[in-house]
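Hi everyone, and thanks for making time today. I'd like to walk you through a structure that may be new to you, so please have a look at it before I go on.

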Amino acid sequence: MRNKPVLILMLFLTMTTLALADALDDGMAKYNSGDFDGAIAAFTQAIAHDTGNAYAYVGRGGAELRKGELDKAMADFNEAAQINPSNAEVYKYRAVAELYQ
């Protein structure tokens, strides 16, 4: 049974990855349907699964931007830029947020 800890770890990582993907999908579906509060909650859940996922911060920031929560949106866009500086979406949304401030 030397492999049991490895199997448990692999199962945990698979479940975490699936939960992250589900949260991101849920966030996008809610965003696209205009449920920005639901999108924020789903993207927040995605961030809880992986704090290094820039797309979750961009998604949550986009929903916050649509709600007019500019400071929160900008904070999420800045966090996404720190995580993945080559993500062009971050800078596009950040520029939009700056226009509204």
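Let me start with a term we need right away: a salt bridge here is a side-chain nitrogen of Lys or Arg within 4 Å of a carboxyl oxygen of Asp or Glu. Please also keep in mind that what you are looking at is a predicted model.

With that in hand, how many salt bridges does the structure hold? There are six. Let's visit some of them.

The side chains of Lys 30 and Asp 26 form one of these, with N and O 3.2 Å apart. Both residues belong to helix α1, and because they are four residues apart there, about one helical turn separates them. Lys 30 is partly exposed, at 27% relative accessibility, and Asp 26 is partly exposed too, at 29%.

Now please move over to Arg 60, which pairs with Asp 76 in a salt bridge whose closest N and O atoms are 2.7 Å apart. This pair ties together distant parts of the chain, since Arg 60 sits in helix α3 and Asp 76 in helix α4, residues 70-83, with their positions 16 residues apart. Are these two partners buried or exposed? Arg 60 counts as buried, at 16% relative accessibility, and Asp 76 is buried as well, at 5%. The cut-off for calling a residue buried is under 20%, so both values qualify.

Next comes helix α5, where Glu 89 and Lys 92 lie three residues apart, about one turn of the helix. Their salt bridge has its closest N and O atoms 3.4 Å apart. Glu 89 is partly exposed at 34% relative accessibility, and Lys 92 is partly exposed at 44%. Elsewhere, Asp 37, Lys 67 and Glu 69 are joined into one network by salt bridges that share partners.

Let's turn to the rings. Searching the whole structure turns up two aromatic pairs. In one, Tyr 31 and Phe 36 meet edge-to-face, with 5.4 Å from centre to centre and 70° between the planes. Tyr 31 is buried, with a relative accessible area of 18%, and so is Phe 36, with 15%.

The other pair, Phe 77 and Tyr 93, is stacked: the centres are 5.8 Å apart and the planes are 20° apart. Here again distant parts of the chain are linked, with Phe 77 in helix α4 and Tyr 93 in helix α5, 16 residues apart. Phe 77 is buried, at 0% relative accessible area, whereas Tyr 93 is partly exposed, at 23%. Tyr 93 has another partner to show you: the charged end of Lys 92 sits over its ring, 4.9 Å from the centre.

My last stop is the largest pocket, which holds about 160 Å³ of space. Some residues we have already met are in its lining, including Tyr 31, Glu 89 and Tyr 93. Among the others are Leu 24, Met 28, Phe 43 and Tyr 55. Which elements give two or more residues to that lining? They are α1, α3 and α5, and α3 gives the most, with four residues. By class, the lining has seven nonpolar residues, two polar and one charged.

That's my tour; I'm happy to take questions.

Methods
Residues are numbered from 1 along each chain as its sequence is written. This is a predicted model: local features need pLDDT of at least 70, side-chain atom pairs count only at pLDDT 80 or more; totals for chains, interfaces and linings use all residues. Side-chain values use heavy atoms; hydrogens and water are left out. On a 1 Å grid over the protein atoms alone, a cavity is a set of points where a 1.4 Å probe fits but cannot get out, and a pocket is an open set with protein on both sides within 12 Å along at least five of seven lines; lining residues have an atom within 4 Å of a point. Grid points are joined across faces, edges and corners, and a volume is the space filled by probe spheres set on the points. Ala, Val, Leu, Ile, Met, Phe, Trp, Tyr, Cys and Pro count as nonpolar, Asp, Glu, Lys and Arg as charged, and the others, Gly among them, as polar. Buried means under 20% relative accessible area, exposed over 50%, partly exposed in between (1.4 Å probe, protein chains only). Rings of Phe, Tyr and Trp (its six-membered ring) pair if their centres lie within 6.5 Å; planes under 30 degrees apart count as stacked, over 60 as edge-to-face and the rest as tilted. A charge sits over a ring if NZ of Lys or CZ of Arg is within 6 Å of the ring centre and within 35 degrees of the ring normal.
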